[in-house]
Every structure is written in structure tokens, then in C-alpha cells.
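Me: I have a structure open and would like to talk it through with you. Shall we go question by question?

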Amino acid sequence: MSENESAALLEARDVDPLLRKSIVDFAAGNPFALSLAAEISRSPRADAERYVVDTVYTHLAGNPPSEAHRWALYVCAEADHTTEDLLRSVLPGGRSSELFDWLRDHPCVETATEGLVLGGVLREVLDRHLRWRDPAGRARMRGRISRVTTGR
């Protein structure tokens with residue numbers, strides 16, 4: 001959905017105008033994420049944001065077959081373009097070819113000229129999920145990606 005369509009959906013669902021922009025940015029046009037966030041925004045739940053992140057994560061990321069596959073998704077969410085070489089450099093274990101092929105087949109990953117790209121709401125959800133789940137691991141991964149992509 002476009003930004004205007006997303007904002008209209010949130011307005012129709014009586015979402016607080018102060019929350020609309022952040023929900024539109026978070027959902028990146030995904031109708032499921034928009035609807036869920038709109039519903040939760042009116043909820044008294046103290047853990048509303050965590051619930052939205054976990055629900056969208058489960059719905060879009062599914063159940064990666066291994067921890068290595070989950071980390072490959074995190075790398076793809078963080079990097080501008082994910083290549084087999086990037087995965088090899090960032091993730092230990094020597095499974096970069098397998099992980100790259102698995103990512104390429106993932107329904108939320110697009111193939112671009114310079115590698116694989118994960119966009120939209122899943123990119124944001126994976127970042128928030130990892131920030132909550134393993135902040136130190138996130139920092140290490142980001143550092144490795146930065147060193148590889150900037151050549152430092």
C-alpha cells in the first residue's frame with residue numbers, strides 16, 4: 001500500500017494521529033502489519049510494540065530451519081545488499097552458499113543487481129527483534145558488516 005493509502009487505513013481505524021506516521025513507516029505498506037499495529041495501538045497492553053514485532057516476525061520470517069538461517073535473515077535485514085561473500089565474511093560455519101540460496105528463495109527477499117535485498121516491514125521487524133533478543137550480537141554483526149562493506 002502507498003503511504004497515503006496506509007495513512008487512510010489508520011485514520012479509518014481511529015488510530016491516534018500522533019502514532020500514524022510511525023506506524024506507516026514501520027509497516028512499509030504491508031497490510032497485515034498496518035492492521036495489526038492499528039489494532040494494537042488502541043490496546044491497553046503494556047507490551048503492545050513487542051507483541052506487534054513478535055507477531056509480524058512469526059508471520060513473515062516464519063520459522064528459520066536453524067540459528068544460522070535466522071542470522072542470515074538478520075544480516076540481510078542489516079546490509080544494503082547481501083552476497084554470498086558477505087555471508088561468508090560475517091557468519092561463521094562455512095554455510096554461506098546454502099544460506100544465500102535459502103535467502104534467495106525466501107518470499108520477502110528480492111534479487112537485485114548487487115545481491116539480495118530485504119525490504120519493507122520485515123527489515124524493520126528483524127532489526128527490532130534482534131535489538132531486543134541479542135543487542136551485543138547485533139552490535140557484533142553490524143560491526144562485521146561495516147568492516148566488510150567499507151573495506152576496513
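Me: Happy to start with open space on the surface. What volume does the largest pocket have?
Reply: Before we begin, note that this is a predicted model. A rolling probe the size of a water molecule shows where empty space is left. For the largest pocket, the volume comes to about 260 Å³.

Me: Which residues of its lining are closest to the centre of the largest pocket?
Reply: The lining of the largest pocket has 12 residues. Elements that give two or more residues to this lining are α2, α3 (31-41) and α4 (48-61). Closest to the centre of the pocket are Ser22, Ile23, Ala37, Glu49 and Arg128.

Me: How many residues of that pocket lining are nonpolar?
Reply: Let's sort the lining of the largest pocket by residue class. Two of its residues are polar and two are charged. The nonpolar residues number eight.

Me: Now for enclosed space. What is the volume of the largest cavity?
Reply: Searching the whole structure for cavities of 30 Å³ or more turns up one. The volume of the largest cavity is about 40 Å³.

Me: Which element gives the largest share of the lining of the largest cavity?
Reply: The lining is made up of Tyr74, Ala77, Glu78, Arg123, Leu126, Asp127, Leu130, Arg138 and Met141. Two or more of the lining residues come from each of α5 (67-78), α8 (120-133) and α9 (135-150). The largest share, four residues, belongs to α8.

Me: How many residues lining the largest cavity are charged?
Reply: Here we can divide the cavity lining by class. Five of the lining residues are nonpolar, and no polar residue is found there. The charged residues number four.

Me: Asp127 and Arg138 both appear in that lining. How far apart are the closest N and O atoms of their salt bridge?
Reply: Asp127 sits in helix α8 and Arg138 in helix α9, 11 residues apart, and the pair links distant parts of the chain. Side chains of opposite charge can pair when their charged atoms come close. For the salt bridge of Asp127 with Arg138, the closest N and O atoms are 2.8 Å apart.

Me: Are Asp127 and Arg138 buried or exposed?
Reply: The cut-off that matters here is a relative accessible area under 20% for a buried residue. Both Asp127 and Arg138 fall in that class, so the word for the two is buried.

Me: How many salt bridges does the structure hold?
Reply: One of them is the bridge between Asp127 and Arg138. Another joins the side chains of Glu84 and Arg88, with 3.6 Å from N to O. Over the structure, the number of salt bridges is eight.

Me: Which residues are linked with Glu84 in a network of salt bridges?
Reply: Glu84 and Arg88 are four residues apart in helix α6 (residues 84-90), so about one helical turn separates them. Asp85 also bridges to Arg88, with the closest N and O atoms 3.1 Å apart, and these two, three residues apart in α6, are likewise separated by about one helical turn. The network therefore joins Glu84 with Asp85 and Arg88.

Me: What relative accessible area does Arg88 have?
Reply: Its two partners are good to look at beforehand. Glu84 is partly exposed at 27%, and Asp85 is partly exposed at 43%. Arg88 is partly exposed too, with a relative accessible area of 47%.

Me: How many disulfides does a search of the whole structure find?
Reply: A disulfide needs two cysteine sulfur atoms within 2.5 Å. For Cys76, which is buried at 0% relative accessible area, the nearest cysteine sulfur is that of Cys108, 10 Å away. Cys108 itself is partly exposed at 22%. The search finds zero disulfides.

Me: Where is Asp14, whose phi is positive, found?
Reply: Most residues other than glycine have a negative phi. Asp14 has a phi near 60° and counts as exposed, at 61% relative accessibility. Asp14 is found in the loop between α1 (3-12) and α2 (17-27).

Me: One last thing, about confidence. Which element has the lowest mean pLDDT?
Reply: For the protein chain the mean pLDDT is 87, and 96% of the residues reach 70 or more. Among the elements, helix α7 (residues 96-105) has the highest mean, 96. The lowest mean, 78, belongs to α3.

Key
Residues are numbered from 1 along each chain as its sequence is written. This is a predicted model: local features need pLDDT of at least 70, side-chain atom pairs count only at pLDDT 80 or more; totals for chains, interfaces and linings use all residues. Side-chain values use heavy atoms; hydrogens and water are left out. Buried means under 20% relative accessible area, exposed over 50%, partly exposed in between (1.4 Å probe, protein chains only). On a 1 Å grid over the protein atoms alone, a cavity is a set of points where a 1.4 Å probe fits but cannot get out, and a pocket is an open set with protein on both sides within 12 Å along at least five of seven lines; lining residues have an atom within 4 Å of a point. Grid points are joined across faces, edges and corners, and a volume is the space filled by probe spheres set on the points. Ala, Val, Leu, Ile, Met, Phe, Trp, Tyr, Cys and Pro count as nonpolar, Asp, Glu, Lys and Arg as charged, and the others, Gly among them, as polar. pLDDT is the predictor's confidence in each residue, from 0 to 100. A salt bridge is a side-chain nitrogen of Lys or Arg within 4 Å of a carboxyl oxygen of Asp or Glu.
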